[in-house]
Amino acid sequence: MVENRPVRDVLAHAVLITGVLLVAFPLWVTFVASTLTFEQIVTVPMPLWPGDHFLANYTQVLTAGSEKGSSAPVSTMLVNSLIMALSIATGKIAISILSAFAIVYFRFPGRSFFFWSVFVTLMLPVEVRIIPTFKVASDLGILNTHVGLALPLIASATATFLFRQFFMTIPDELAEAARIDGAGPVRFFIDVVLPLSKTHMAALFVILFIYGWNQYLWPLLITTSESMYTVVIGIKRMIAGGDASNEWHLIMATAMMALMPPALVVVLMQKWFVKGLVETEK
Amino acid sequence: MAEISLQGVTKSFGKTEVIHTTDITINDGEFVVMVGPSGCGKSTILRMIAGLETSTTGEIRIAGKRVNEVEPKDRNIAMVFQNYALYPHMSVYDNMAYGLKIRKLAKDDIERRVQRAAKILELGQYLKRKPRELSGGQRQRVAMGRAIVREPAAFLFDEPLSNLDAKLRVQMRLEIQKLHRELRTTSVYVTHDQVEAMTLANRMIVINAGVVEQIGAPLEVYDNPASLFVAGFIGSPSMNFLPGLRSGDGVEVGEGLVVPLPPEIRGSAGEQVTVGVRPEHFVAGDGGGPRFKLRVDTVEALGADSLLHAGFNGSHLVVRIEGHSTPRAGSEFEVSVLPGKAYFFDTGTGKRLGA
Ligand SMILES: Nc1ncnc2c1ncn2[C@@H]1O[C@H](COP(=O)(O)OP(=O)(O)OP(=O)(O)O)[C@@H](O)[C@H]1O
Ligand SMILES: [Mg+2]
């Protein structure tokens with residue numbers, strides 16, 4: 001701000017700090033709860049300062065899981081979530097960049113038909129087609145597998161559409177220059193299109209990783225064996241019955257760990273992410 | 001190096017024919033400029049030679065070999081684009097070397113060729129930079145470097161200078177001239193700028209609406225334009241045109257003025273004849289040819305000479321005269337055409353009489 005207006009500054013900061021507190025407070029409560037014992041949590045009021053059960057709670061969920069509800073260790077769930085989120089993110093990017101490349105750079109019969117049919121599936125998120133998808137997955141025998149967790153979510157109209165829009169901003173002359181230089185379609189894709197799409201791929205990766213990590217309905221439906229639970233499902237399964245029977249300290253510890261990987265991805269890839277959303281290096 | 005020839009070439013996009021039957025032969029080592037207004041089909045012809053566009057009919061030959069079915073990369077040509085089309089993520093060096101790498105040339109051979117091109121184009125110190133770190137002129141030089149390292153049979157340029165500012169354009173024009181003197185590679189150069197065409201061309205091809213109007217050396221085209229279009233397009237300011245009617249052995253252009261037809265074209269002249277005179281072919285006072293009494297509208301004093309704008313019988317005339325005998329705007333002024341410098345065109349067909 002160029003002008004120096006103390007009242008406005010104070011007001012602005014007050015609003016911002018309130019906002020931060022509103023977001024941070026539940027997180028703080030979650031964290032505090034994950035360091036207490038069950039008895040401490042159910043006392044009224046609940047303490048707002050961390051207790052001394054941090055190590056005990058986290059070790060228990062990581063290695064043994066909770067005693068009631070689900071008993072799978074959270075470490076297994078984290079690995080499952082990671083596999084699923086990574087497969088979904090990389091799979092979606094790989095498939096959509098290839099289909100966008102085909103749609104933009106090749107003239108084949110039914111090109112616009114295919115583009116529009118991909119586009120129309122934007123209107124069909126997982127939730128809408130979940131019953132038939134379940135039937136197909138079950139027929140393929142991929143219930144309770146990592147493949148089953150990721151595969152049905154991989155096709156992505158959104159990413160295809162975004163890559164298509166990006167490719168259309170690459171000047172035609174670049175493809176023509178490459179053609180004269182002797183690069184066939186595959187070389188052009190590898191040597192020119194991929195490097196130019198780097199930042200877009202990174203930005204999409206962040207978004208899709210979080211999308212994959214937070215998947216709820218589909219994993220809930222197809223994972224019945226505890227060894228296949230993702231961490232999001234794990235939390236749900238731990239909340240088994242009435243209030244008193246839930247081990248809130250363990251649930252909160254699990255929730256904290258479920259939060260970490262997406263946060264980490266965002267923090268680590270922030271630079272790329274922002275670049276991918278704003279850059280115009282062409 | 002190679003000769004390029006187009007025989008009976010046409011090009012249609014869908015139902016519209018944008019290039020009508022075209023025959024062009026470009027000799028080995030020649031620098032040919034295709035010039036014409038926007039949308040006339042220059043780029044399309046160039047792209048057909050490059051193989052980026054297929055011709056609808058006709059035959060294209062490079063070095064005597066039919067190339068209609070040959071991929072661009074196998075035509076042994078290199079192309080320079082208007083927007084440079086450099087690979088944005090590659091260094092200057094890699095931009096130039098890319099095509100050679102694909103061709104699987106030996107590393108030291110690539111190095112040698114790139115260094116040589118960099119030296120010719122004075123790009124040595126920029127080899128490690130990315131295109132976005134270069135100025136427009138430097139980018140254009142990289143684009144030319146990419147063409148040079150290929151050591152192709154022919155260079156194809158599509159308006160390579162039109163994204164540059166006026167000063168840089170003049171400089172790059174001279175560099176292209178120098179380059180051609182050194183390399184002697186057959187070159188086809190597309191532009192809509194007639195100054196570029198006049199200065200660069202060994203021969204120029206004037207194109208209008210998909211039709212080749214005239215092919216010839218720049219001065220030959222300037223001196224002997226084949227049609228109204230060419231006469232108006234080449235030369236700046238443009239040639240003045242006075243539509244007239246045949247009257248005996250001359251053409252009456254209005255206000256009682258009759259411009260005599262030279263004896264050799266009297267036979268071919270019809271009823272309607274347009275008389276053309278270049279601004280520089282007028283002289284103040286009596287120069288021997290037909291005399292015009294003009295009322296001067298505006299005067300542009302350029303120093304060495306002045307341009308007079310005047311109306312004559314409903315037409316707008318531009319007259320270039322020596323700089324210091326300039327009349328004032330609004331005054332009456334008499335000019336005459338230098339002997340033998342009037343051009344005569346059939347108003348209906350646009351063709352030059354006797355040509
Ligand atoms: N892919 C295409 N589909 C349909 N028509 C086209 C296509 N490419 C060019 N044309 C038409 O062909 C004609 C010639 O185009 P071309 O690009 O050769 O013009 P140009 O002489 O290079 O013009 P400029 O000086 O503006 O570059 C134009 O009328 C244009 O509209
Ligand atoms: Mg063009």
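1. An oxygen atom of ligand 1 sits 3.0 Å from an N or O atom in the side chain of B:Glu159. This is a predicted model, and every distance below should be read in that light.

2. Two further contacts of ligand 1 deserve a check. In the side chain of B:Thr44, an N or O atom is 2.5 Å from an oxygen atom of the ligand. At B:Cys40 the partner is a polar backbone atom, 3.2 Å from an oxygen atom of ligand 1. On its own, ligand 1 has 630 Å² of accessible area, and the protein covers 57% of that.

3. Which residues are around ligand 1? From chain B come B:Phe13 and B:Val18, then the run B:Ser38, B:Gly39, B:Cys40, B:Gly41, B:Lys42, B:Ser43 and B:Thr44, and finally B:Glu159 and B:His192. By class, this shell has three nonpolar, six polar and two charged residues.

4. Which element gives the most to that shell? Helix 1 of chain B, residues 42-50, does so with three residues.

5. Now the pockets. The largest pocket has a volume of about 750 Å³. Its lining counts 22 residues. Nearest the centre of this pocket lie A:Tyr105, A:Arg107, A:Ala175, A:Glu176 and A:Arg179.

6. Four helices of chain A give two or more residues each to the lining of the largest pocket: helix 4 (74-105), helix 8 (157-169), helix 9 (172-181) and helix 10 (185-213). Helix 9 has the largest share, with five residues. The lining divides into twelve nonpolar, two polar and eight charged residues.

7. The second largest pocket has a volume of about 530 Å³. It is lined by 25 residues. Closest to the centre of this second pocket are A:Lys92, A:Arg129, A:Ala155, A:Ser156 and A:Ala157.

8. Which helices supply at least two residues of the lining of the second largest pocket? Helix 4, helix 8 and helix 10 of chain A each do. Helix 8 gives the most, with five residues. By class, the lining of the second largest pocket has 16 nonpolar, six polar and three charged residues.

9. For a second look at the ligand site, start with the side chains of B:Thr44 and B:Glu159, then the backbone of B:Cys40. For the pockets, start with helix 9 of chain A in the largest and helix 8 of chain A in the second largest.

Notes:
Residues numbered from 1 in each chain as written. Chains lettered and ligands numbered in written order. Predicted model: local features only at pLDDT ≥ 70, side-chain atom pairs only at ≥ 80, totals over all residues. Heavy atoms only, no water. Near = heavy atom within 4 Å. Polar contact = N/O pair within 3.5 Å; in protein donor to acceptor, adjacent residues only side chain to side chain. Areas by Shrake-Rupley, 256 points an atom, 1.4 Å probe, with all protein chains shown as cover. Nonpolar A, V, L, I, M, F, W, Y, C, P; charged D, E, K, R; others polar. 1 Å grid on protein atoms, 1.4 Å probe; cavity = no way out; pocket = protein on both sides within 12 Å on 5 of 7 lines; lining within 4 Å. Points joined across faces, edges and corners; volume = space filled by probe spheres on them.
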